[in-house]
Amino acid sequence: MAELVNVTIDGVTVAVPKGTLVVDAAKKIGNHIPVFCYHPKLKPVGMCRMCLVDIGTPKIDPATKQVVRDENGNPVIQFMPKLTTACTTPVSEGMVVRTATEQVRAAREDILEFLLTSHPLDCPICDKGGECPLQNLTLAHGPGVSRFDYDAKFHNEKHVPLGELIFLDRERCIQCSRCIRFQDEIADDHVLQFHDRGRGMEIITFSDPPFDSYFGGNTTDICPVGALTTADFRFKARPWELQSAQSICTHCAVGCNITLNTRLETRHGGFEIKRVMPRQNEWVNEIWICDKGRYVHHFTRSEDRLHLPLIRREGRLVESTWQQALQLVADTLRAADGEIVLMVGDRIPNEDAYLLGQLGRAIGARVSVSPNVPSHYADVARAFGVGKDADFKRLGRGDLVLAVNADVEEQAPVWFLRLRQAVVDRGAQLIIAHHRSTKLHRYASAIHRFEVGRAPEWVQQQAETLAQALQAARHALIVFGDEHLDGPRARALAQLLANLLLQSGHAGRSDSGLLPLYPHANTQGVCDVLSPHTALPPAARVVWAVGVGDPQELPPAGFYIIQEVLHTALVEQADVVLPSLTFAEREGTFTSGDRRVQRFYRALPAPGEAKPDWWIAQEVARRLGFEWRYNSPAEIFEALAKDVPAYAELSYAALSRVVEQWPPIGREDLYYGGTAYDNTGGIGARYAAEAETRALPPYDVTIPEPTIAGLKRGPRMLYRDGELIRRSALLRARMVSLQQVA
Amino acid sequence: MLREKRAQDIEKVLAKYPPERRRSAVMPLLYIAQEEYGYCTPEAIREVAEIIGCDPTEVKSIVGFYTMFYEQPVGKYVIDVCDDLPCALRGADRFVSHCEKKLGIRVGETTPDGKFTLNTVMCIAACDRAPVLQINKQYRYALDEQTFDRMIDELP
Ligand code: SF4
Ligand code: SF4
Ligand code: FES
Ligand code: FES
């Protein structure tokens, strides 16, 4: 526990850890000192002067070095001659802060009057209007009138594209440098800077391509005015028209907590997503999300959405009723005599995957997961993954991060931010082994190279040295990827890494363990709840594919049942098509790559007659004679928790638990933390790794020979997929360059 | 390419800094660029960024902050007249108007023949001999209209 010091703010005394800034100490007791440049996640710079307060400290007698006391024995407080910035001053014992004096009031008024001298005050057409710190603070602390001449306002460019995704309005910018500091301190892409000085000072980018960062969207959230807007959302809606639904990003294994902002539109006959915003979860994404999570949501209202079941008749897919389609599916499955492959994609929620698994097993189908490779090692991650109470924020000096075959920024962007901070800001050691360079390489204290696809062999050869390095560390986090490996070899890699944990005594310890870079939001969950077969038969009579992205994964079959949200290439080869719902149109749970089970809620109505996957599974099951009567994912989760040992202690109630988080986000604290959303939907819960509950033996590993198919498996790079915003040439450019490095 | 044209000078500058502090060489390298091209060209800014291993945006920001780095082409002679307060008390503003008239351009502009650029600058630490200017960084003190005109007329 850090040393506590007592500070009195407007008569209220509070004990806070040494080093706490006055502005944060005040926030903790509900005294909202206004700020613009200060942001609790960034280093203070004291640029805007909005936070001026009156600060005094106990007077010390220079001779005796003792606190001087008045006749009543109280310390004499010596106030500083001028007001001081609360955002740069750390508290000290006995400090007295006054924020309610006439002097402070006048200072706030003056600063706001100054900031507004050349502010355009175009709130009625500003995207930030309605959730703007400058608007709110002006109302609370600003002068009623300005003494500056309206016509003397300094005008500036209003639509400056900083990159393809972010626009700058130069006259709205108040030069707080939050955006610059976010890019420098958090994202480590130094693409924004100030140019010139005084009145000419402005934000520029001179990078090539200009504002190119996977995290750029976050600058628009923390910009305290409407100076930065995203190309995707600008002028699309006013904040007060938006509805919010708490959700989980599906694009990678991090499981960032997000808020889907929707608005009623006539165009799609219902609500549509207008923007995706971060939702605070200090154990997952803090208040950040990456650009993929922020911008890739248009598919929910894509023209290619499937609205009705389809049945192939005389070579052509024709619309049908659910009754006809379900009956056909049931009859076909019954007639297939167990020669069935049921393949479930790793974006399917836990509840649905569980029901599908139950049904598949009951009808003798071979149940597998797509993509197939991660299902080879998900059980290893379940056994040796990070501990139940692991917190990346605690990783620092004395701890070790080992990254093997992992491109963390590409495959789990927000984990990149968090691991980078553990290393750069808090002094954890980073060892990297890969066949190519990644952004994480910048911070490594040791870099090893192996040939493409040779990660398992490398770990085996280096086992002694690695185990020693791990042993010397307080906690050891091992992040690994499966690029250029086939299933069996990826499994060997995971097992070898797990053995390292065992050998060095880290297995089953909270802040230690494996962190797999799975491809999607629910890879771990799907593997957990349906115990998949990893090997597929060479062919089958019937293939039932649920949310499978890659057609190549399917074995040849006489009859294809394709359950999908979009009209993909797979749909073209279908005999029956069952339209299902995206995560935005329903509720459910996902299990992240670090095994945190999290709830997401419904934001949009279903398109057409599309149905959730669990409903479809249940309807098919009933036609095959099973008496299933689940009414909601919540009921299925209850059954799942009884059946899947790892989930035994989890329930919707437990997952919906919310706790006070620091810094406070959303609510009236908008000016302080930006426009991220408060978490009211639950912070989720991580289930224990098996190694935490009992002693596990080491794996007996023989590394299989590499296969061509395995070697050819490139990494799943988040910014390379065609499913990213197709309109963005910037993002397309990233895809090409990444293909080259892969 | 600056690196080819001024390889030795660049090496000399870089030698003064430990490799992990290369970034600190940004200002002397920009001076070399400015010497070579007359101003900090976009290409030179990118090249300097590459040499010291940082983002071009950061180098551009430095060029933008310091008034002695030029971002636009300048004339053969750059005249920086001080119009800060002490100089102003000695008639610098009137003197600047005269300079404008003599050269036929406004402050911040370059003569069409590319010979002269006229700027006003903050105090250049010669207030005791105001009005004062620097021409290509060489001081000229205690000027008046005649001495200024003579200086201009005599320059090759
Ligand atoms: S653009 Fe926004 S965040 Fe960046 S300096 Fe200006 S006001 Fe601050
Ligand atoms: S890091 Fe992953 S989960 Fe988070 S926003 Fe990006 S893609 Fe989504
Ligand atoms: S100076 Fe303290 S918030 Fe800006
Ligand atoms: S004010 Fe002109 S030189 Fe000092």
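Here are some questions and answers about this predicted model.

Me: Let's start with chain B. How many helices and strands are there in chain B?
Reply: Happy to begin there! From the N terminus on, the elements of chain B run α-α-α-α-α-β-α-α-β-β-β-α. Sorting that run by type gives eight helices and four strands.

Me: What box do the C-alpha atoms of chain B fill?
Reply: The box is taken along the principal axes of the chain. Its edges come to roughly 50 × 30 × 25 Å.

Me: What percentage of the residues in chain B is buried?
Reply: A residue is called buried if 20 or more other C-beta atoms lie within 10 Å of its own. Chain B has 156 residues to test in this way. The buried residues make up 28%.

Me: And what percentage of the contacts in chain B with a separation of 6 or more comes from residues 24 or more positions apart?
Reply: Good one to ask next. We set aside pairs with a separation below 6, then look for residues 24 or more positions apart. Those account for 55%.

Me: Which helix of chain B gives the most to the side that touches chain A?
Reply: The contact takes 10 residues from chain B and 13 residues from chain A. On the side of chain B, seven residues come from one helix, spanning residues 56-65. By class, that side of chain B has four nonpolar, three polar and three charged residues. The helix you are looking for is α5.

Me: Now to chain A. How many Å separate the centres of domain 2 and domain 3 of chain A?
Reply: The domain assignment gives domain 2 as 310-377 + 523-662 and domain 3 as 391-505 + 705-741. Their centres are taken over C-alpha atoms. The separation is 30 Å.

Me: How many charged residues are on the side of domain 2 of chain A that touches domain 3 of chain A?
Reply: The contact takes seven residues from domain 2 of chain A and eight residues from domain 3 of chain A. The domain 2 side has three nonpolar and four polar residues. For charged residues, the answer is none: there are no charged residues.

Me: Which elements of chain A give two or more residues to the shell around ligand 2?
Reply: Ligand 2 is surrounded by 15 residues, and the closest are C249(A), C252(A), C256(A), C290(A) and G293(A). The shell divides into 10 nonpolar, four polar and one charged. The elements that give two or more residues are α6 (291-295) and α11 (413-424).

Me: Where does P131(B) lie, the residue joined to A130(B) by a cis peptide bond?
Reply: The bond between A130(B) and P131(B) has an omega of about -10°. P131(B) is placed between β2 (116-121) and β3 (133-135) of chain B, in the loop.

Me: Chain A has a cis bond from S370(A) to P371(A). Which elements stand on either side of the loop that holds P371(A)?
Reply: The omega of that bond is near -5°. The loop of P371(A) lies between β18 (366-370) and α9 (378-384).

Me: Is K65(A) buried or exposed?
Reply: K65(A) is found in the loop between β3 (52-58) and β4 (77-79) of chain A, and its phi is near 60°. The cut-off for exposed is 12 or fewer other C-beta atoms within 10 Å. K65(A) has 7, so it counts as exposed.

Me: Is A125(B) buried or exposed?
Reply: A125(B) sits in the loop between β2 and β3 of chain B, and its phi is near 65°, a positive value in a residue other than glycine. Because A125(B) has 9 C-beta neighbours inside 10 Å, it counts as exposed.

Conventions
Residues are numbered from 1 along each chain as its sequence is written. Chains are lettered from A and ligands numbered from 1 in the order in which they are written. This is a predicted model: local features need pLDDT of at least 70, side-chain atom pairs count only at pLDDT 80 or more; totals for chains, interfaces and linings use all residues. Two residues are in contact if their C-beta atoms, placed from the backbone, lie within 7 Å. Ala, Val, Leu, Ile, Met, Phe, Trp, Tyr, Cys and Pro count as nonpolar, Asp, Glu, Lys and Arg as charged, and the others, Gly among them, as polar. Domain bounds come from an automatic or database domain assignment. A residue is near a molecule or strand if its C-beta atom, placed from the backbone, lies within 6 Å of it.
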